Amino acid sequence: MLNKKVEDILNKQISGEASSSHLYLAMASWAENAGFGGTAAFLYTHSDEERQHMLKLVKFVNERGGKAIIPDLSVGTISFKNLKDVFKTLLDHEIEVTNSINEVVHVCLNEKDYTTHNFMQWYVAEQLEEEALARSILDKLNLIDNDKGGLYLFDRDLENFKADTVANDQAN
Ligand code: OFO
C-alpha cells in the first residue's frame, strides 16, 4: 500500500508530466504553423514521450494500491515568439520537472519507500538526458541567431534527430 505522502507527491508528478506533454504539444503546433516541420515532428514525439511518462506513473500508483488523479489542464492559450523562445521555455520547464522529481525522491527516502525510490531512478536518469538535450539545442539556436540558412539547417537536423530516435527506440 502506498504511503499517503508518497501518493500525493506522485500525483503532483502525474500532473507535471501531463503539463509537459501539453506544453510540448502547443510548441509542436506553433512550429508546424511557423513552417518548421522538422522541429514540429521532434516536438510532437517529445509530447508523446511525456504522455508515456505520465501513464507510467498512473499505472504505478494504481498498481500499488493508491489512486492516480488525472489532472484538469485548464490553461490559457500558449504562444511563442520564435524558436529560441520555444526551446528556452522547454529548458526552463525541464529544470522545474527535474526539481519536482528530486522532491519525489526526497519524500520516498524520508518515508522509507525504497520501492518507489527505485522506480523513480528511471525518471532521474531521463531528466538528466532531457536537460542536456534541451541545453545543446538552445546553444545551437544561440549560435545561429536569426540567420535564415542556419534555421533551415537546424530544422532539418531536428527532423533527422527525431527519425534517429525512433529508429533507436525500435531497435531496443
Ligand atoms: Fe517527463 O521527462 Fe522531462 O519533463
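Let me begin with one residue: Glu50 lies in helix H2. Helices here (H or I, at least four residues) and strands (E, at least two) are DSSP runs, numbered from the N terminus.

Before going on, the basis. This is a predicted model, in which local features need pLDDT of at least 70 and side-chain atom pairs count only at pLDDT 80 or more, while totals for chains, interfaces and linings use all residues. Residues are numbered from 1 along each chain as its sequence is written, and side-chain values use heavy atoms, with hydrogens and water left out.

Back to Glu50. Is Glu50 buried or exposed? Its relative accessibility is 1%, so Glu50 counts as buried. The cut-offs are under 20% relative accessible area for buried, over 50% for exposed, and partly exposed in between, with a 1.4 Å probe and protein chains only. Setting aside neighbours within four places in sequence, Glu50 is in contact with Glu17, Ser20, Ser21, Tyr24, Glu94 and Glu130. Contact means heavy atoms within 4.5 Å. From Glu50 to His22 the C-alpha to C-alpha distance is 8.6 Å, with their positions 28 residues apart in sequence as the separation.

One of those partners, Ser21, sits in helix H1. With a relative accessible area of 11%, Ser21 is buried. Outside four places in sequence, Ser21 has contacts to Ser47, Glu50 and Arg51.

Leu25 is also placed in helix H1. Its relative accessibility is 41%, so Leu25 counts as partly exposed. Leu25 contacts Tyr44 and Ser47, again leaving out neighbours within four places. Leu25 and Leu43 are 18 residues apart along the chain, and their C-alpha atoms are separated by 6.8 Å.

Now the whole chain. There are five helices and zero strands, and the pattern along the sequence is α-α-α-α-α. The radius of gyration is 17 Å, close to the 16 Å that the globule rule gives for 172 residues, so the chain is as compact as a globular protein of that length. That radius is taken over C-alpha atoms, and the rule is 2.2 Å times the number of residues to the power 0.38. The C-alpha trace spans about 55 × 35 × 25 Å along its principal axes. Of the 172 residues, 42% count as buried. Among contacts with a separation of 6 or more, 78% are between residues 24 or more positions apart.

Next, the nonpolar cores. A nonpolar core is a set of buried Ala, Val, Leu, Ile, Met, Phe, Trp, Tyr and Cys residues joined through side-chain atoms within 4.5 Å. Which members of the largest nonpolar core touch the most other members? They are Met27, Leu43, Leu83, Phe87 and Phe154, out of 25 residues. Helix H1 (4-33), helix H2 (37-63), helix H3 (83-110), H4 and H5 each supply at least two residues of this core. H1 gives the most, with seven residues.

Taking Phe87 from that list, and not counting residues up to four places away in sequence, Phe87 touches Thr39, Phe42, Leu43, Ile137, Leu138, Leu141, Phe154 and Leu158. Apart from the largest core lies another, of 20 residues, including Val6, Val61, Ile101 and Val107.

Last, empty space. Rolling a probe the size of a water molecule over the atoms shows where such space is left. On a 1 Å grid over the protein atoms alone, a cavity is a set of points where a 1.4 Å probe fits but cannot get out; a pocket is an open set with protein on both sides within 12 Å along at least five of seven lines; lining residues have an atom within 4 Å of a point. Grid points are joined across faces, edges and corners, and a volume is the space filled by probe spheres set on the points.

How many cavities of 30 Å³ or more does a search of the whole structure find? One. The largest cavity has a volume of about 30 Å³. Its lining is Phe42, His46, Phe87, Leu90, Glu130, Leu133, Ala134 and Ile137. The largest share, four residues, comes from H4.

The second largest pocket has a volume of about 160 Å³. Helix H4 (114-144) and helix H5 (148-171) each supply at least two residues of its lining, which includes Leu133, Ile137, Phe154 and Leu158.
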